[in-house]
Amino acid sequence: MKLQLVQLVGRNAFTAYGEGYVSVNAIRHSSNLVVLPDRLIPDWTQASFVTLNITDFELLASLDAEIILLGTGNQLRFPRPELLRPLIQAQKGLEVMDIQAACRTYNVLVSEGRKVAAGLIFY
C-alpha cells in the first residue's frame, strides 16, 4: 500500500508498505529496523519476534523518543513482560501493533512533531 502524507521535509516517513517490506522516504527495507524522524537504525536486531531479548529493548530505551512503536509483523503480538523493564525504567511509552499500523501511526505522530521511534520486526 502506498501512503500519502503531508510533506515532511528533512524527516523520515513511511511512504509504502507491503508483504515483507516497508519503504522509508521511497527506499525499501525488508529487515528489522528502527525508524526515527532524523535517522534509521538498519538491522536493529537479528532476532525474530520470539527471540527478542533485553538488549534489543535497551537500545529502544536509549533512543531520543517519548513513544516507541513496536511493529510485530503482520499480526499483533505482545513481547514478554520482562523485556519491557528498560522502557519502564527510562519512562518511555510503548505501543505494540502490527507493522502496517505502526507505519501509519508513526507518520501521524511525526507530522505532529512528536518524539517517536518505530521498531519493526519482520520475522
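1. Leu70 of strand 6 (residues 67-71) stands opposite Val96 in strand 7 (residues 93-97). Strands here are DSSP runs of E of at least two residues, numbered from the N terminus. Strand 6 and strand 7 pair in the parallel sense over five bridges; two strands pair if DSSP finds at least two bridges between them. Leu70 also stands opposite Gly119 in strand 8, and strand 6 pairs with strand 8 in the parallel sense, again over five bridges.

2. The model is a predicted one, in which local features need pLDDT of at least 70 and side-chain atom pairs count only at pLDDT 80 or more, while totals for chains, interfaces and linings use all residues. Residues are numbered from 1 along each chain as its sequence is written, and side-chain values use heavy atoms, with hydrogens and water left out.

3. Strand 6 is largely enclosed by the rest of the structure because five of its five residues are buried (under 20% relative accessible area, with a 1.4 Å probe and protein chains only). Ile67, Leu69 and Gly71 lie on one side, and Ile68 and Leu70 on the other. In a regular strand the side chains alternate between the two faces of the sheet.

4. Strand 4 (residues 33-36) is arranged in a similar manner: Leu33 and Val35 point one way, Val34 and Leu36 point the other way, and all are buried. Strand 4 pairs with strand 8 (residues 116-120) in the antiparallel sense over three bridges, and Val34 has Gly119 as its bridge partner there.

5. On strand 5 (residues 39-42), the pairing with strand 4 is antiparallel and runs over four bridges. Leu33 stands opposite Pro42, and a hairpin of two residues joins strand 4 to strand 5.

6. Where is Asn32 found? Asn32 is in the loop between strand 3 (27-29) and strand 4. Asn32 counts as buried because its relative accessibility is 0%. Its side chain reaches the backbone oxygen of Ala47 at 2.8 Å. Asn32 touches residues including Trp44, Leu120 and Phe122, where contact means heavy atoms within 4.5 Å.

7. Which residues line the largest pocket? Among them are Arg11, Leu36, Asp64 and Lys115. The lining divides into three nonpolar, one polar and six charged residues.

Methods. Buried < 20%, exposed > 50% of the residue type's maximum accessible area, 1.4 Å probe, protein only. Polar contact = N/O pair within 3.5 Å; in protein donor to acceptor, adjacent residues only side chain to side chain. 1 Å grid on protein atoms, 1.4 Å probe; cavity = no way out; pocket = protein on both sides within 12 Å on 5 of 7 lines; lining within 4 Å. Nonpolar A, V, L, I, M, F, W, Y, C, P; charged D, E, K, R; others polar. Lists of a residue's contacts leave out its neighbours within four places in sequence.
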